[in-house]
Amino acid sequence: MAISDIESETPLLDDTIVGVVNYRGFPAKRSNSGGWRSASFIIGVELAERIAYYGIGFNLISYLTGPLGQSLAVAAQNVNTFNGTGCLLPLLGAFVADSFLGRYRTIVIASLLYILGLGLLTLSAMLPSLSPSYSKNNDNSPSQFQVVLFFFSLYLVAIGQSGHKPCTQAFGADQFDGQHPVEGKAKSSFFNWWYFGLCIGLSLAFLILSYIQDNLNWGLGFGIPCIVMAAALLLFLLGTRTYRYAINTNVESPFMRIGKAFVAATRNWRIRPTLKAAEEAAGGTLPDHHGSHQFEFLSKADGSKEDGKACSVSDIEEAKAVRRLLPIWITSLLFSILPAQLSTFFIKQGISMDRSTGLGFDIPAASLQSLHTITIVIFIPIYDRIIVPIARQLTGKPSGISMLQRIGTGMFLYVISIIVAALVEMKRLKEAEEHGLVDTPNATIPMRVWWLVPQYVLAGVGDALTMVGFQEFFYDQVPNELRSVGIALYLSIFGLGSFLSSFLISAIEKVTGGDGQDGWFSDNLNKAHIDYFYWLLAGLGLLGLAGFVYFSKSYIYNKKVLG
């Protein structure tokens, strides 16, 4: 839907939007700010930023096991730690944005840190012993300075992303008025097209940068993401005059208000909720808070106003909204371990298989992840333009199915993907044994790499449902002033998932790989048992899905529009 569609359906009297201003600080008008025009800039920025981030992250395990000479288990732990840090730090970036700097300024500052980190990372890869390429026999060992510079640069990128990632997406969604009938539908669609642009960026990174890094050199492979990130910042600044900027009407920080509600409720645990709080909750004077009758414990924060420490009903409802999210967030953690395998063991499976094309070159193992993103790129338009309208007719919901139904469906498909991966790995090990290649770790298994396509495709459809669903859910269900934090909460699920995956790998390696034995994660993949790990993950995923479904059934949305 174009911005002109929104303008044509909006009366002139409804042109001024409450709660947002333009770049000059005046009340924003619907006709000349926000909408798809502004969102297009931001989606373009996300596309470029994902090229930059995944340009270093998607093939990181190959760099760690190649130029840096790390073992498979250590490299996998480092990849998971980096991914986890990159997903948890946005909680800090979102806090800074929502409490102090605002989203626009946070994005600009974070982008500058991002570019600096990528520049230093490029420098670390261009130092003499690692440039222009590394020896296949690992003859050129990196110096301690190079290793320190590499990891410092890598985590500087993670710090830059911590402010960029949550704020850019929340800022993009802010360009639509969720209370407007037309823009409200556009906002729901925005999350689909946001993820579409993200996956275009991923695909370009997988297809182009993986070839450069594997066949040319790592300096160029890291330098291109730096240039792309600088272009992303320029594109973002070009849209400055078109954006809508949310204003905070409360002097007190939303974190302080919500924190006070929990503290006051704890202090007043022996008293009953005040009559005013009970009447407002039961009488329907809180239209945006359908779950006001839940968590009566927090209603006690209203307390007695004689001591001057009582919280307003609005503050209490914001605290309840945050409390309501916790079971969904917690039960999603077990599932979040599954996506972490895309950038680690899925790639290592592909490296050992026949990747020849018959055209004189082999498919880079890391570029196999493009199957996952291409699936998303194909599926999202189908979902947005075909599946959603049909579901909308059947359910009457603006987004067709509820956000939690969408997430749960994606979780189930992801579990199926891991089961398929386990079956494919069992066949790969059998092929290695039948052809006498178990003791030849660098040999190519006579099994075409296309066997990995089903697990990547299923993971792609699962991602299109879960990731977009999580983004919209956590943005929509947190208090308005905490929407950057809402996006960060979604990211933190997968950040903790990466750490949990790293912990599992470390624990399993100690149990199965002790005393010189070949454990589940042996450097010789033909003696390893990644298939056992996949079966364990499938079980954990099903357990997490069961908990998620249980709490989803009782979840009460805090908006009238339940899409």
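These are my notebook entries on a cavity, a helix and a valine in a predicted model.

**Entry 1: the cavity**

I began with the empty space inside the protein. How many cavities of 30 Å³ or more are there? I found 1. I then looked up the space in the largest cavity, and it comes to about 540 Å³.

Next I asked which residues line this cavity. The lining has 26 residues, and Tyr54, Cys87, Pro339, Met467 and Phe494 lie nearest the centre. I also noted the elements that give two or more residues to the lining: helix 2 (35–57), helix 4 (72–88), helix 7 (144–173), helix 8 (181–215), helix 15 (369–395), helix 17 (453–477) and helix 18 (483–512). Sorted by class, the lining holds 14 nonpolar, 9 polar and 3 charged residues.

**Entry 2: helix 8**

Helix 8 was on that list, so I followed it along its length. With 35 residues at 1.5 Å a residue, helix 8 should span 51 Å. I looked up its end C-alpha atoms and found them 52 Å apart, which agrees with the expected span. Helix 8 does have a kink of about 30 degrees, and I found its centre at leucine 209.

**Entry 3: valine 449**

Last, I picked a residue in a loop. Valine 449 sits between strand 5 (445–448) and helix 17. Is valine 449 buried or exposed? Its relative accessible area is 2%, and buried means under 20%, so I wrote down "buried".

I then checked what valine 449 touches. Leaving out residues up to four places away in sequence, its contacts are Gly350, Met353, Asp354, Arg355, Ile363 and Leu368. I also looked at glutamine 349, which is 100 residues from valine 449 along the chain; their C-alpha atoms are 8.6 Å apart.

How values were computed:
Residues numbered from 1 in each chain as written. Predicted model: local features only at pLDDT ≥ 70, side-chain atom pairs only at ≥ 80, totals over all residues. Heavy atoms only, no water. 1 Å grid on protein atoms, 1.4 Å probe; cavity = no way out; pocket = protein on both sides within 12 Å on 5 of 7 lines; lining within 4 Å. Points joined across faces, edges and corners; volume = space filled by probe spheres on them. Helix = DSSP H or I, 4+ residues; strand = E, 2+ residues; numbered from the N terminus. Nonpolar A, V, L, I, M, F, W, Y, C, P; charged D, E, K, R; others polar. Expected span 1.5 Å × (residues − 1). Bend = angle between axes of the 7 residues up to and from the residue. Buried < 20%, exposed > 50% of the residue type's maximum accessible area, 1.4 Å probe, protein only. Contact = heavy atoms within 4.5 Å.
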